Amino acid sequence: MNVYKRYITIADPKQLVLSDLPFKAGQRVEVIILAEDNQKVTLAEELKKLFKEIQAIHADNPLTDEEIAAEIEAYRRGK
């Protein structure tokens, strides 16, 4: 399957016009329409989800102060 990607801005919500397409007359194509999400909102939601997952892991298996200090020291040594 060949994929042809085109970005357009909707001028009229009642119709979609695609022009200058690389297809032959009579050729059958599948059209899939994906609306762009607000990327910042999506990324913020994913980050919040990640934070909750990390907090849940920590709640089930908390680090001791000694383990935290050892990780900081290892980081400072470049390990």
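**Close-ups of a predicted two-helix chain**

Buried residues make up just 1% of the 79 residues in the chain, where buried means under 20% relative accessible area, exposed over 50% and partly exposed in between (1.4 Å probe, protein chains only). The model is predicted, so local features need pLDDT of at least 70 and side-chain atom pairs count only at pLDDT 80 or more, while totals for chains, interfaces and linings use all residues. Residues are numbered from 1 along each chain as its sequence is written, and side-chain values use heavy atoms, with hydrogens and water left out.

**View 1. The whole chain, with 2 helices and 0 strands.** Helices (H or I, at least four residues) and strands (E, at least two) are DSSP runs, numbered from the N terminus. The radius of gyration is 25 Å, well over the 12 Å that the globule rule gives for 79 residues, so the chain is more spread out than a compact globule. That radius is taken over C-alpha atoms, and the rule is 2.2 Å times the number of residues to the power 0.38. Along its principal axes, the C-alpha trace spans about 70 × 30 × 20 Å.

**View 2. The largest pocket, about 1100 Å³ in volume.** Its lining has 24 residues, with Y4, K5, R6, I32 and I33 nearest the centre. On a 1 Å grid over the protein atoms alone, a pocket is an open set of points where a 1.4 Å probe fits, with protein on both sides within 12 Å along at least five of seven lines; lining residues have an atom within 4 Å of a point. Grid points are joined across faces, edges and corners, and the volume is the space filled by probe spheres set on them. The lining divides into 17 nonpolar, 2 polar and 5 charged residues. Here Ala, Val, Leu, Ile, Met, Phe, Trp, Tyr, Cys and Pro count as nonpolar, Asp, Glu, Lys and Arg as charged, and the others, Gly among them, as polar.

**View 3. D20, in the segment before α1.** D20 has a positive phi of about 55° although it isn't a glycine. Most residues other than glycine have a negative phi. At 70% relative accessibility, D20 counts as exposed.

**View 4. H58, in helix α1 (residues 39–60).** With 41% relative accessibility, H58 counts as partly exposed. H58 and L16 sit 42 residues apart in sequence and 49 Å apart in space, C-alpha to C-alpha.

**View 5. Helix α2 (residues 65–76) and what follows.** At 1.5 Å a residue, its 12 residues should span 16 Å, and the end C-alpha atoms are 17 Å apart, which agrees. The expected span is 1.5 Å times one less than the number of residues. Just after α2, G78 takes a positive phi of about 85°.
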